[in-house]
Amino acid sequence: MTTPTRPGFPHRHLLGIEGLSPLDIAGLLDRADEAVEISRQVEKKRTTLRGRTQINLFFEPSTRTQSSFELAGKRLGADVMNMSVASSSVKKGETLIDTAATLNAMRPDIIVVRHHQAGAVHLLARKVDCAVVNAGDGAHEHPTQALLDALTIRRNKGRIEGLTVAICGDVLHSRVARSNIILLQALGARVRVIGPSTLLPPGLARFGVEVHTDMRAGLSGVDIVMMLRLQRERMNGSFVPSVKEYFRYFGLDGEKLSLAKPDALVMHPGPMNRGVEISSEVADGAQSLIREQVEMGVAVRMAVLEALATHLPNA
Ligand code: CP
């Protein structure tokens with residue numbers, strides 16, 4: 001996968017998009033493009049991580065992220081262990097730091113972590129000797145989701161610079177929104193954020209985004225419509241009057257999508273709630289990239305693991 005001319009990835013961990021340069025991001029996307037080709041072949045196995053141990057430590061449920069990290073590690077030749085938090089000593093009161101120290105003693109090379117608290121993955125990275133990848137920490141960051149979204153956009157539009165991307169819905173509780181805002185702006189896209197005022201964090205405008213509380217106005221002329229799930233598990237109280245009302249004003253259906261550019265493309269990180277933030281007609285329609293995002297997820301995670309492997313001992 002690695003070409004001799006590619007600049008190296010200068011980070012030991014991937015904890016967020018914040019802190020990555022446009023060159024770091026573009027380098028990962030280039031690697032991921034190559035990983036897409038590998039994944040489309042009959043023979044998908046590489047030896048980049050042969051002999052390495054990867055632990056997937058997920059304190060929150062996941063379908064896409066955990067399974068794609070497992071496939072990515074295995075395609076690169078690593079021994080991958082999925083740690084089941086539900087049946088671990090975390091349930092008996094073990095702290096995150098003690099769990100980290102215990103896993104560290106088993107000498108893994110890479111730990112992929114999802115945790116419900118923002119900052120937990122950064123804390124864990126300070127307690128272990130191996131590389132750490134953030135697979136989502138609270139409402140803070142989900143860097144590999146933003147990278148796979150960028151890869152999907154770049155492969156379909158041929159560029160990211162100059163595009164207008166609308167990120168719509170529950171931005172307040174969304175780590176996907178935060179990582180995407182940072183990444184898309186770093187690569188030269190214009191970002192609009194659309195949602196009810198109850199689901200928009202205060203001070204959003206200082207991130208350099210355009211803020212809209214009227215979805216129809218916000219979608220006008222955009223190239224990409226990125227929908228977000230209502231994240232009820234992170235909600236403390238009532239943020240929308242009813243699901244029906246929410247869908248009427250902020251759900252993406254064919255009529256609202258027609259206000260974007262005619263060649264606009266629709267994205268959703270998943271899991272989707274059909275009839276809440278997106279209609280089935282749009283989710284399964286010709287403008288939807290949602291299935292392609294899942295494919296790109298494996299490729300991006302292969303690229304990230306490969307990039308971090310260059311810093312492992314005896315690489
Ligand atoms: N997009 C995303 O993170 O999905 P999962 O929660 O299924 O991993």
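Which residues lie nearest the centre of the second largest pocket? The answer is given below, after the ligand site and the largest pocket. The model is predicted.

## Ligand site

The ligand sits in the largest pocket. The residues around the ligand are Ser62, Thr63, Arg64, Thr65, Arg114, His142, Gln145, Pro269 and Gly270. By class, this shell holds one nonpolar, six polar and two charged residues.

Three of the shell residues place polar atoms by oxygen atoms of the ligand. For Thr63, a backbone N or O atom is 2.8 Å from a ligand oxygen. Thr65 uses its side chain, where an N or O atom lies 2.6 Å from an oxygen atom of the ligand. A polar side-chain atom of His142 is 2.9 Å from an oxygen atom of the ligand. The ligand taken alone exposes 260 Å², and the protein buries 92% of that area.

## Largest pocket

The volume of the largest pocket is about 390 Å³. Its lining is made up of 21 residues, and those nearest the centre are Arg114, Arg175, Arg229, Gly270 and Pro271. Helix 2 (64–75) and helix 6 (175–186) are the elements that contribute two or more residues to this lining. The lining divides into five nonpolar, nine polar and seven charged residues.

Arg114 and Gly270 belong to the group nearest the centre of the largest pocket, and both also appear in the shell around the ligand.

## Second largest pocket

The second largest pocket encloses about 240 Å³ of space. Pro108, Asp109, Asp129, Cys130 and Pro313 lie nearest its centre, out of 13 lining residues. The lining of the second largest pocket consists of six nonpolar, two polar and five charged residues.

## Backbone features

Where in the chain is Pro271 found? Pro271 is in the loop between strand 9 (265–267) and helix 10 (280–283). The peptide bond that joins Gly270 and Pro271 is cis, with omega about -10°. Gly270 and Pro271 are also among the lining residues nearest the centre of the largest pocket, and Gly270 is one of the residues surrounding the ligand.

A second backbone feature occurs at Arg107, which has a positive phi of about 60° although it is not a glycine. Arg107 is located in the loop between helix 3 (96–104) and strand 3 (110–115). Pro108 and Asp109, which follow Arg107 in the numbering, are among the residues nearest the centre of the second largest pocket.

Key: Residues are numbered from 1 along each chain as its sequence is written. This is a predicted model: local features need pLDDT of at least 70, side-chain atom pairs count only at pLDDT 80 or more; totals for chains, interfaces and linings use all residues. Side-chain values use heavy atoms; hydrogens and water are left out. A residue is near a molecule or strand if one of its heavy atoms lies within 4 Å of it. A polar contact is a pair of N or O atoms within 3.5 Å; within protein, one must be able to donate a hydrogen and the other to accept it, and residues adjacent in sequence count only if both atoms are side-chain atoms. Accessible areas come from the Shrake-Rupley method with a 1.4 Å probe; for residues, only the protein chains shown count as cover. On a 1 Å grid over the protein atoms alone, a cavity is a set of points where a 1.4 Å probe fits but cannot get out, and a pocket is an open set with protein on both sides within 12 Å along at least five of seven lines; lining residues have an atom within 4 Å of a point. A molecule sits in a cavity or pocket if more than half of its atoms lie within 2 Å of its grid points. Ala, Val, Leu, Ile, Met, Phe, Trp, Tyr, Cys and Pro count as nonpolar, Asp, Glu, Lys and Arg as charged, and the others, Gly among them, as polar. Grid points are joined across faces, edges and corners, and a volume is the space filled by probe spheres set on the points. Helices (H or I, at least four residues) and strands (E, at least two) are DSSP runs, numbered from the N terminus.
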